[in-house]
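Colleague: I have a model open and would like to learn how to read it, one feature at a time. Where should we begin?

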Amino acid sequence: MPSIQERIKQLNASIDYDSMEFYKSTILGQQVYAVMLYAYLFLTVDQDSGFCGKFVRQIPKEKLLRLYLCQVGAEDIWLSQTFGILHKIRRSFAILGLHYQTFGYDSVYSFFKAAVDPFFDEFLVHPVTDNTHFLESYAWKYHHVKITYKVEAVQRFSEKDAIFQATTSFLGKKYAVVGYSKKNAIENLAYKIVNSVIPENQYHIIAASQNYSEIERKPFVFDTAECQETDHTIQQFSEKYGVEPFLMHFALLSRNQMGKEVWERIGIKPPEFLLQTRVSHLKRALISLGQEIILLQLLDLTLRRSDLNNVDFRSLDQTIINIGPDEVHEQLLKILRITDITANLFDYMNAPVKGTLSQKEKNQIANGIVAAFFLSNFAPDKKFAQYFSKYIASVYEEVGLNAEIDYRFSTIAFLSALDIRVKTNHHELGNGIFHAEVLLGDGRNVPRYICENESMRTAKKDVWKAAYNDIIVQLQNFFISPNSNCTNASLLLFVNGVRNNQIISNEFYLRFGILNARNFFNFDRISASKIIGRLKAAISSSIVNDFLEVVYRANEGLYIEIDGAIFPYSSWLKSVTLNQEVVPSLTIKDSQIVGIYSSIVNPSVATQKKLIDTDYKLVNRIYPLSDDVAKYAIEKSPDAYNYLQFVSVETEEFFQKLKREEELSDIGTLALNSDSETSIMIMDSHKPVHIQIKELINELKFNRITIACGYCFASGLSLIKDLINYALVSDIPLELHIGALQKYDESNPDNIITGIDKTTIKFLKTFLASDNFSLYTCPDRFYHGKLYIFEGDESSVICMGSSNISRAAFITNYELNIAFKTKTESELCSGFIRWVRQLRYHSKQIKHLDEAMFGDNEIKQDGSVHLTRVSLSSMRNKISELSNSEVQYRLNLWMSYSPDFITENLGIPSLPDYFVFVYKNEHLIVLESFQAGNAYFCIRYENSFEDVINHIATFSKTEIFEYSQMSKRGYHVQNKFTLENNIRLYFKTRRQNEHEK
């Protein structure tokens with residue numbers, strides 16, 4: 001199973017840069033980044049709203065994103081020399097979005113926190129966010145000089161992605177640093193000088209003058225036991241949503257209900273950290289965090305529902321448009337109707353708030369509750385969907401998304417992609433008339449739009465609407481139909497914007513008819529020729545040709561299919577432009593279809609079937625999928641059914657019919673043939689098994705022995721030692737399979753096997769000294785069978801049943817075994833020998849045994865328990881790969897208290913797949929599981945933890961819980977704060993001792 005890092009790399013490789021899917025992930029990632037950074041600052045640094053908001057906006061995002069990418073193993077993106085910093089920032093955001101959609105909130109936050117912790121450890125000592133101003137203040141105060149910078153583009157990857165270098169001389173030394181913009185390069189340069197030149201004492205003086213002082217971390221932690229829970233209604237509401245009651249009390253306050261006296265009135269004792277915090281700022285921080293979280297949830301939900309397919313996500317990318325991030329943020333809030341959602345969300349939750357509330361207060365309280373919900377819960381995004389997705393879906397089904405076009409935003413965003421600046425001239429003419437004017441681009445003949453109205457607001461709206469319709473709507477219509485009313489000025493603006501900026505994203509042209517190959521369904525050669533003809537008539541041919549060269553490049557790698565022949569779209573469009581014959585079609589072998597299929601915009605049914613011929617699983621790449629093609633894939637292999645993205649009723653019926661026919665064809669007859677030369681006997685359960693085996697083979701001239709059992713102990717080997725020695729001395733091949741050696745691996749000394757003791761290993765090592773002795777184990781699955789085969793030239797004896805190799809199995813236990821005496825050439829004997837051959841195929845041979853890797857038979861259950869020690873590093877890796885964040889969080893808590901060791905394979909039937917953390921100082925064992933929903937059990941021991949394992953081996957879960965004397969089961973804990981507090985109590989003495997030291 002690939003690790004999260006490997007999976008993220010695969011996701012990154014699967015999405016094309018500059019595609020619409022890329023921008024969807026990028027916009028989602030930008031919101032994930034805002035939530036992660038705000039949550040990180042709130043939880044680990046400070047709970048002041050101004051503090052959190054300030055640093056979310058001002059900390060250089062490229063630094064944190066680079067650290068995050070290194071944490072998820074995608075640092076090669078930042079090491080690439082092919083693209084500039086802005087591209088890397090966008091790609092980082094896209095990976096954040098993909099990471100969130102695939103693995104969820106907790107996974108992203110854990111990686112993000114681990115990535116940025118070292119940065120903030122250093123940053124909080126010198127929390128300067130404006131190094132340029134800081135350096136200028138220092139230079140003037142101590143050296144009375146002004147800093148001047150020279151900035152130039154040193155490398156340009158595209159018009160929107162360049163490397164700028166800022167240089168300056170300071171105190172006789174020259175400095176040079178790069179950035180993704182002129183301002184960014186200057187800031188990076190100032191940062192370098194500030195941190196390498198300014199002495200510590202002078203640094204602190206300047207820092208104090210600019211209100212920069214070292215920030216002490218104030219993590220958001222408190223002991224839940226200190227908080228009184230007096231309000232029964234709020235207690236029930238808290239339990240419903242898995243939120244710590246104190247946090248819920250706090251979330252239920254709006255900004256108009258500030259003040260610590262509120263908690264005094266409702267009987268809540270604030271934690272110590274609150275006494276040092278302005279409650280109004282803390283509440284405001286919670287409201288702000290809640291709003292960002294709700295926005296993230298709505299964005300993720302609507303993306304998954306494909307509700308936003310008509311939104312141009314490129315226009316919402318803060319890194320490439322000439323609109324401030326706050327305005328983009330407001331646009332998202334507007335599109336997703338977040339105010340409507342939160343207002344109704346408050347009513348939907350039936351929050352226990354007394355008194356009359358305004359709509360604004362309802363919104364604030366809903367935001368606060370959601371923030372508390374996310375801070376408290378495990379996998380909060382999944383639980384959010386569990387509690388609220390139906391409600392949100394119902395709201396959208398009733399009112400829909402806010403589809404109202406923001407003409408100003410849409411026009412500026414579109415022109416930003418062309419690097420066309422917009423100028424405005426709004427003023428009052430007099431007599432109550434207002435003038436609104438918009439100019440697009442520079443020069444005299446650029447498009448100009450003017451509206452006048454008695455209301456300035458109306459005039460502005462009308463002027464932007466006029467610009468939007470003329471520039472965007474008419475341009476889109478033009479490249480679909482030559483009869484569009486698009487003006488020549490608009491065409492020239494667009495064409496020059498494209499050719500000057502060398503826009504290479506094919507997705508940019510998706511709404512522009514013939515400029516994108518994916519629109520090939522909607523036009524033919526004649527209409528395409530007319531469009532290009534009118535374009536050349538409106539603008540000079542040389543400008544049009546330059547423009548079309550950019551369009552050709554944008555469509556490179558896309559193909560169209562005409563009458564069964566496949567053509568590069570760029571070549572086809574060029575032939576239309578030049579009025580030439582269609583270029584020759586590509587010669588594509590059937591095996592090459594796989595490589596280009598996704599690039600064919602209109603693949604025929606014949607091409608789709610060729611794709612399936614190469615590999616039926618590739619049917620999952622075909623969309624839309626017809627019943628004809630789906631049936632074709634299923635006929636190739638019924639397994640193709642599992643790869644269909646959509647299954648119609650007709651296809652389902654076809655598959656079920658084929659399945660029934662296949663099942664009937666597989667029905668056969670199992671015949672048991674007996675003969676007079678095979679005798680079958682049930683061995684006496686009241687007599688020693690090893691004695692009965694020796695009696696059965698007493699007169700048998702055997703030439704091979706095969707024994708396969710789950711467990712093997714010295715006590716059993718000593719009872720059949722004479723038989724084994726006879727075989728070894730007589731050079732008779734002896735093959736022994738032991739299931740309990742499954743985990744034995746010489747290359748991993750931490751993997752201590754405690755199911756077999758050292759005495760048994762010494763026995764086996766003496767046998768390994770003989771060339772005719774072979775030792776095997778099955779590494780993939782635990783072998784649990786019991787089989788003894790003694791092969792002779794003519795006759796053989798086969799014993800099978802329940803007896804392992806141990807004194808208890810041979811003498812003490814009540815065992816059931818069956819023996820066969822048969823001809824060696826019989827079908828019965830041949831069948832068992834074939835079965836052993838199969839077992840050997842799936843096994844590995846062990847030629848050496850290291851006694852140090854085995855226990856001293858501490859578990860006194862004669863093989864019923866097979867404890868295996870797990871290294872701490874191995875456990876950390878397993879925990880990091882868990883998909884269930886609640887289990888992952890809990891296990892990491894146990895790991896944080898540094899267990900002395902961990903073992904698995906406990907052999908307790910009621911706790912399958914459980915393992916145990918052992919803490920010697922606390923005389924504590926914790927029984928845990930990787931499975932979601934399983935309880936944990938904490939048990940104190942006196943002498944050794946093995947005594948406890950032996951004692952509870954036959955207990956049910958209820959009996960183990962009662963034996964543990966725990967006050968609460970693990971899976972009843974609904975939120976992180978309560979869980980942390982419960983676990984902390986088991987290590988209270990240790991924490992006190994550490995504090996005293």
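Modeller: Begin with the nonpolar core, and keep in mind that this is a predicted model. In soluble globular proteins, nonpolar side chains tend to be buried together. The largest nonpolar core here has 178 residues.

Colleague: Which residues touch the most other members of the largest nonpolar core?

Modeller: They are Leu41, Phe120, Phe313, Phe414, Phe479, Phe494 and Phe547. Helix H2, residues 20-44, supplies the largest share of this core, with 16 residues.

Colleague: Take Phe414. Which residues is Phe414 in contact with, leaving aside neighbours within four places in sequence?

Modeller: Phe414 is in contact with Ile471, Ile472, Leu475, Phe494, Phe508 and Phe512. Apart from the largest core lies another one, of 48 residues, and its members include Leu700, Cys712, Ile756 and Ala819.

Colleague: Next, sheets. How do I read one?

Modeller: Strands of a sheet pair through backbone hydrogen bonds, either parallel or antiparallel. Here, an open sheet of three strands has the order E4-E5-E6, and the pairing is antiparallel.

Colleague: Which strands stand at the edges of this sheet?

Modeller: Strand E4 (422-430) and strand E6 (448-453) do. Each has a single partner strand, so one side of each is left without a neighbour in the sheet. On average, neighbouring strands of this sheet are turned by 15 degrees against each other, direction ignored.

Colleague: How many bridges join strand E5 to E6?

Modeller: Six bridges join E5, residues 433-440, to E6. To look at one position, find Leu439, which stands opposite Arg448 in E6.

Colleague: Which helix lies across E4, E5 and E6?

Modeller: Helix H20, residues 456-478, lies across these strands and runs at about 150 degrees to E6.

Colleague: Now the backbone. What counts as an unusual value there?

Modeller: Most residues other than glycine have a negative phi, and most peptide bonds are trans. In this model, His144 has a positive phi, near 55 degrees, and Ala379 has a positive phi of about 40 degrees.

Colleague: Where do His144 and Ala379 lie?

Modeller: His144 lies in the loop between helix H8 (131-143) and strand E1 (150-158). Ala379 lies in the loop between helix H17 (359-376) and helix H18 (380-399).

Colleague: Is His144 buried or exposed, and what of Ala379?

Modeller: His144 is exposed, because its relative accessible area of 53% is over the cut-off of 50%. Ala379 counts as buried, because its relative accessibility of 14% is under 20%.

Colleague: Which residues are joined by a cis peptide bond?

Modeller: Tyr623 and Pro624 are, with omega about -5 degrees. Pro624 is placed in the loop between helix H26 (605-614) and helix H27 (627-636).

Colleague: How do I check cysteines?

Modeller: A disulfide is a covalent bond between the sulfur atoms of two cysteines. This structure holds zero disulfides. For Cys486, the nearest cysteine sulfur is that of Cys451, 18 Å away. Cys486 is buried, at a relative accessible area of 2%.

Colleague: Why is the sulfur of Cys778 in no bond with the closest cysteine sulfur, in Cys709?

Modeller: The two sulfurs are 14 Å apart, which is too far for a bond. Cys778 is buried too, with a relative accessible area of 11%.

Colleague: Thr777 comes just before that in the numbering. Which strand holds Thr777?

Modeller: Thr777 is in strand E13, residues 773-777, and counts as buried at 1% relative accessibility. Beyond four places in sequence, its contacts include Ile738, Gly739, Leu741, Gln742 and Ser843. The side chain of Thr777 also reaches the backbone nitrogen of Gln742 at 3.2 Å.

Colleague: One more residue, please: where does Lys694 lie?

Modeller: Lys694 lies in helix H29, residues 689-696. Lys694 is partly exposed, with a relative accessible area of 24%. Not counting residues up to four places away in sequence, Lys694 touches Leu719, Ile720 and Asp722. From Lys694 to Glu361 the distance is 87 Å, C-alpha to C-alpha, and these residues are 333 apart in sequence.

Conventions:
This is a predicted model: local features need pLDDT of at least 70, side-chain atom pairs count only at pLDDT 80 or more; totals for chains, interfaces and linings use all residues. Side-chain values use heavy atoms; hydrogens and water are left out. Helices (H or I, at least four residues) and strands (E, at least two) are DSSP runs, numbered from the N terminus. Buried means under 20% relative accessible area, exposed over 50%, partly exposed in between (1.4 Å probe, protein chains only). Contact means heavy atoms within 4.5 Å. A nonpolar core is a set of buried Ala, Val, Leu, Ile, Met, Phe, Trp, Tyr and Cys residues joined through side-chain atoms within 4.5 Å. Two strands pair if DSSP finds at least two bridges between them. Axes are lines fitted to C-alpha atoms, for helices over the stretch in contact, and angles run from 0 to 180 degrees between N-to-C directions. A disulfide is a pair of cysteine sulfur atoms within 2.5 Å. A polar contact is a pair of N or O atoms within 3.5 Å; within protein, one must be able to donate a hydrogen and the other to accept it, and residues adjacent in sequence count only if both atoms are side-chain atoms.
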